Amino acid sequence: METIMLNNRPVKIWATDIGGNTMEQINNLTTLPFLYHHLAIMADAHAGMGMPIGGVLACRDAVIPNAVGVDIGCGMCAVKTNIPASRLTPDVLRKQVMRGIRQRIPLGMDHHQEAQDEATMPQGHDTDRMTVVSRQLTSARRQVGTLGGGNHFIELQRDPEGMLWVMLHSGSRNLGKQVGDYYNKLAVMLNERWHSVVPTAIRLAFLPLRSQEFNNYWAEMKYCIDFALCNRRLMMQRIQEVLADAVPDIEFEPMINIAHNYATWEHHYGNNVIVHRKGATLAREGTVGIIPGSQGTASYIVEGLGNPLSFNSCSHGAGRVMSRTQAVRTLSLEDEVHKLDELGIIHAIRSQRDLEEASSAYKDIEQVIANQTDLVGVKVRLLPIAVIKG
């Protein structure tokens, strides 16, 4: 970890390769008048919208919608099974398991044809009082249990003992985007009305504590966090059904779940503050988390060490070194396919466009893990055997 000073504010950085746009966004964050104590930048940091992905920002009495992002509650879940991965032959994997998953879980922009059971949705929220969620509920019931696009994925993996694991990465789908976009636009409008010292150009418009707009965003954000968990839980249930059809004696351990796009109240350095984790994962002492690699590389089940310098946080993945456009323009389709084929991984890279999520577009996960040994301890290293990308 390196500490630098920007605008007389300390920045703790666990990343070893930070691009120009990312550093510019880090600098912008240090100008915020409500920034608390210091800024923490995780090992997978890369440029985002306003705030870098892999950033941890503590604030006094303000929430920034763009410091949460539009995929509110996006995160990871993983389940260990009681069977060796070798029980799934390539034929069973392709024809029963992978095909079965694709039949039961819509990918990319696709939604379910019919609304899912109300019991699969978040419970205990007053949605009638929510501006965005209330008008999106009908659509959201067709979105729950769907993967989405971009870097969202489903992987079958094996641990060092050869046992089969299931891992997936997804979030709050279009519901979270609608909420995030609405409240960011509202924050921009209000900040301009208040002649805020936070420039519009840096895309970090905020909502102040004790305002009605803050309360409204907080309620809808919490709903989206719960919706993202419901989404992952339903997909994991459907994947388990597919696996049980293929291997009737399979059993599943309890699901590990962790989110990485959200804001929450926490106590740090003697004060209660609002911690934004945008592409960062909670790593309190004893917290079990997930740090996935990129397509074709290892992923990690980790345990938090509770380092106060990171606000009890760690990276949420490997982190990009190329934009999606750059990856499609510069990477070799033949090389990336050969790399996965040589590893024996069942994948779906078929065209140049699929290279958006090629492993070469991401940082080396082994280096990312090595850069944060003071934040997490490794529990399990997992290797992919089959990948479905959104």
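Which residue stands opposite leucine 168 in β8? Keep that question in mind while you move through this model, which is predicted, and begin by selecting strand β8, residues 163–170.

Colour the strand by burial, where buried means under 20% relative accessible area. Eight of the eight residues of β8 are buried, so the strand is largely enclosed by the rest of the structure. In a regular strand the side chains alternate between the two faces of the sheet. Turn the view to look at each side of β8 in turn: Met163, Trp165, Met167 and His169 lie on one side, while Leu164, Val166, Leu168 and Ser170 lie on the other, and both faces are covered.

Next, add strand β7, residues 153–158, which pairs with β8 in the antiparallel sense over six bridges. Here is the residue you were looking for: isoleucine 154 stands opposite leucine 168 in β8. Follow the chain from β7 to β8 and you will trace a hairpin with four residues between the two strands, where glycine 162 in the turn has a positive phi of about 85°.

Now select strand β6, residues 75–84, which also pairs with β8 in the antiparallel sense, over seven bridges. Leucine 168 appears again at this pairing, as the bridge partner of cysteine 77.

Finally, leave the strands and show the second largest pocket, which has a volume of about 310 Å³. Select its lining residues, among them Gly149, Gln295, Arg324, Ile349, Asp354, Glu357 and Lys389. If you colour the lining by class, you will find two nonpolar, four polar and six charged residues.

How values were computed: Residues are numbered from 1 along each chain as its sequence is written. This is a predicted model: local features need pLDDT of at least 70, side-chain atom pairs count only at pLDDT 80 or more; totals for chains, interfaces and linings use all residues. Side-chain values use heavy atoms; hydrogens and water are left out. Buried means under 20% relative accessible area, exposed over 50%, partly exposed in between (1.4 Å probe, protein chains only). Two strands pair if DSSP finds at least two bridges between them. On a 1 Å grid over the protein atoms alone, a cavity is a set of points where a 1.4 Å probe fits but cannot get out, and a pocket is an open set with protein on both sides within 12 Å along at least five of seven lines; lining residues have an atom within 4 Å of a point. Grid points are joined across faces, edges and corners, and a volume is the space filled by probe spheres set on the points. Ala, Val, Leu, Ile, Met, Phe, Trp, Tyr, Cys and Pro count as nonpolar, Asp, Glu, Lys and Arg as charged, and the others, Gly among them, as polar.
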